[in-house]
Amino acid sequence: MIISSVETFATEYVSLVRVRTDDGDEGWGQVSPYHADLTAEVVHRQVASHVLGMDADDIEALNQVVLDREHKFQGTYLYRALCGVDSALWDIRGKRAGKSVSQLLGGNRSEFPVYASSMKRDISPRQEAERMLALRDQYGYHSFKFRIAAECGHDIDQWPGRTEEIVKTMRATLGDDVTLLVDANSGFTPKKAIEVGHMLTDFGVSHYEEPCPYWELDWTREVTRALDIDVTGGEQDNNMIVWKQMIDSHAVDIVQPDICYMGGITRTLKVAEYAKQAGIPCTLHSANLSMVTLFSLHFMAAIENAGKYVEFSIEGSDYYPWQQHIFSPGFEIRDGNLLLSDKPGWGIEIEPEWIALSDYRVSYNKASS
Ligand SMILES: [Mg+2]
């Protein structure tokens, strides 16, 4: 089962990848969103060039070959691109086995709880609380994540007092029975982060994401040690040395790798396994409704140390028009749970209308063509 072609279907925001084999198998995957047209170029130049002609089922070896050959280029674009091929190969593996990817990974669930995840900071606390309340009634969500601080804000809030006000407003509006999570997106120094953390604890918030600049691991660890609330992070990280440092020193209470930033399922499994050995749960980062949320659902439904919920973005076509109508069936939420199909592979069909509007490129295995 030799990889015979790697195709990209790119837009500026997202690029799908189709891998075909000489046996006639085909699998669909996706690179990490944003600047995806640039990432598609990397797929052909620095990933496909190495994997064409390799055994499609030896995903582990194939990851290694790409990273070895491109050892001078181990930055985000390489991993973003690698995810496109890695995720397509898991689709092929599932289709050949007649199992969903989740089943291949040992899962047998048909749904998984989600938390409703806001991407907005330019929204007033009242508006945020009101839309969450409406979504709770519509979809049965029981867990909600909203934004505090300003992204990489150096202790300066989005506007004065917003952080304190939104925490208070969310709890007052949604009541005491719901789970509240916050994301500070690298916003605070340790002193301010700890001060905010005590306030979060007072309002029963249970998940405090990325309180400090994520590259300042010592700062994050200081906050984790000072607070009882779960401090979480890791979405941007893709380097295994960093993951080991983070986990070995318990810099966070919950790890949050992003499958697309990590380079795919194969490398993310290693992080989850390493965290499991340390008794640390894994709650993946999946901040939009492209295939990353599908990958995360299959993954979380299978691993032993899965956190309590899959991240599910509440932003629709008004905010992220690019994530609509890529594949079918689309995501379905019932009583706060995301439904998981047991169809082989990722269990989806790519929408021909979406394909028709994307930029197409193909790399062939020259030995077989
Ligand atoms: Mg985050």
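**Exercise 1. A salt bridge between two strands**

Task: Which side chain meets Asp183 in a salt bridge, and where do the two residues lie?

Solution:
- Step 1. The side chains of Asp183 and Lys145 come together in a salt bridge, at 3.6 Å from N to O. This structure is a predicted model, so let us keep that in mind throughout.
- Step 2. Now place the partners: Asp183 belongs to strand 6 (residues 179-183), and Lys145 to strand 5 (residues 143-147). They are 38 residues apart, and the pair links distant parts of the chain.
- Step 3. Check the surroundings. A residue counts as buried when its relative accessible area is under 20%. Asp183 has 1%, so Asp183 is buried. Lys145 has 0%, so Lys145 is buried too.
- Step 4. Widen the view: a network of salt bridges links Lys145, Arg147, Asp183, Glu209 and Glu311.

**Exercise 2. The magnesium ion**

Task: Which residues coordinate the magnesium ion, and how are they spaced in sequence?

Solution:
- Step 1. Look around the ion. Asp183 (OD), Glu209 (OE) and Glu235 (OE) coordinate the magnesium ion, at 2.0 to 2.2 Å.
- Step 2. Written as a pattern, the spacing of these donor residues is D-x25-E-x25-E.
- Step 3. Find the two glutamates. Glu209 is part of strand 7 (residues 207-209), while Glu235 sits in the loop between strand 8 (230-233) and helix 9 (240-248); the pair therefore ties together parts that are 26 residues apart in sequence.
- Step 4. Both Glu209 and Glu235 are buried.
- Step 5. Connect this with the previous exercise: Asp183 is a donor to the magnesium ion, and Asp183 also pairs with Lys145 in a salt bridge.

**Exercise 3. Two more salt bridges**

Task: How many residues apart are the partners in the pair Lys120 and Glu315, and in the pair Arg131 and Glu128?

Solution:
- Step 1. Start with the total: a search of the whole structure finds 25 salt bridges.
- Step 2. In one of the pairs, Lys120 meets Glu315 at 4.0 Å, N to O. Lys120 lies in the loop between strand 4 (111-117) and helix 5 (125-139), and Glu315 in the loop between strand 10 (310-313) and strand 11 (327-328). These partners are 195 residues apart, so the bridge links distant parts of the chain.
- Step 3. Lys120 has a relative accessible area of 15% and is buried. Glu315 is buried as well, at 2%.
- Step 4. Turn to Arg131, which forms a salt bridge with Glu128; their closest N and O atoms are 2.6 Å apart. Both residues lie in helix 5, 3 residues apart, or about one turn of the helix.
- Step 5. Arg131 and Glu128 are both buried.

**Exercise 4. Helices that cross**

Task: At what angle do helix 3 and helix 11 cross, and which residues make the contact?

Solution:
- Step 1. Helix 3 covers residues 76-97 and helix 11 covers residues 265-277; their axes come within 8 Å and cross at roughly 95°.
- Step 2. Name the arrangement: this makes helix 3 roughly perpendicular to helix 11.
- Step 3. List the contact. Helix 3 contributes Tyr79, Leu82, Asp86 and Trp90, and helix 11 contributes Ile265, Thr266, Arg267 and Leu269.
- Step 4. Sort by class: the contact has 5 nonpolar, 1 polar and 2 charged residues.

**Exercise 5. A residue inside helix 3**

Task: Is Ala88 buried or exposed, and which residues are in contact with Ala88?

Solution:
- Step 1. Ala88 lies in helix 3.
- Step 2. With a relative accessible area of 0%, Ala88 is buried.
- Step 3. Leaving aside neighbours within four places in sequence, Ala88 is in contact with Val17, Val19, Gly27, Trp28 and Gly29.
- Step 4. Compare sequence with space: Ala88 and Gln30 are 58 residues apart in sequence, and their C-alpha atoms are 7.3 Å apart.

**Exercise 6. Backbone surprises**

Task: Which peptide bond is cis, and what are the phi values of His35 and His325?

Solution:
- Step 1. Recall the background: most residues other than glycine have a negative phi, and most peptide bonds are trans.
- Step 2. The bond from Ser328 to Pro329 is cis, with omega near -5°. Pro329 is in the loop between strand 11 and strand 12 (333-334).
- Step 3. His35 has a positive phi of about 50°. His35 sits in the loop between strand 3 (26-30) and helix 1 (36-51), and is partly exposed at 48% relative accessibility.
- Step 4. His325 has a positive phi of about 55°. His325 belongs to the loop between strand 10 and strand 11, and counts as exposed at 65% relative accessibility.

Note on methods: Residues are numbered from 1 along each chain as its sequence is written. This is a predicted model: local features need pLDDT of at least 70, side-chain atom pairs count only at pLDDT 80 or more; totals for chains, interfaces and linings use all residues. Side-chain values use heavy atoms; hydrogens and water are left out. Axes are lines fitted to C-alpha atoms, for helices over the stretch in contact, and angles run from 0 to 180 degrees between N-to-C directions. Helices (H or I, at least four residues) and strands (E, at least two) are DSSP runs, numbered from the N terminus. Angles under 35 degrees count as roughly parallel, over 145 as roughly antiparallel, 65 to 115 as roughly perpendicular and the rest as oblique. Contact means heavy atoms within 4.5 Å. Ala, Val, Leu, Ile, Met, Phe, Trp, Tyr, Cys and Pro count as nonpolar, Asp, Glu, Lys and Arg as charged, and the others, Gly among them, as polar. Donors are N, O and S atoms within 2.8 Å of the metal (3.2 Å for Na, K and Ca); water is not among the atoms, so sites may look incomplete. Buried means under 20% relative accessible area, exposed over 50%, partly exposed in between (1.4 Å probe, protein chains only).
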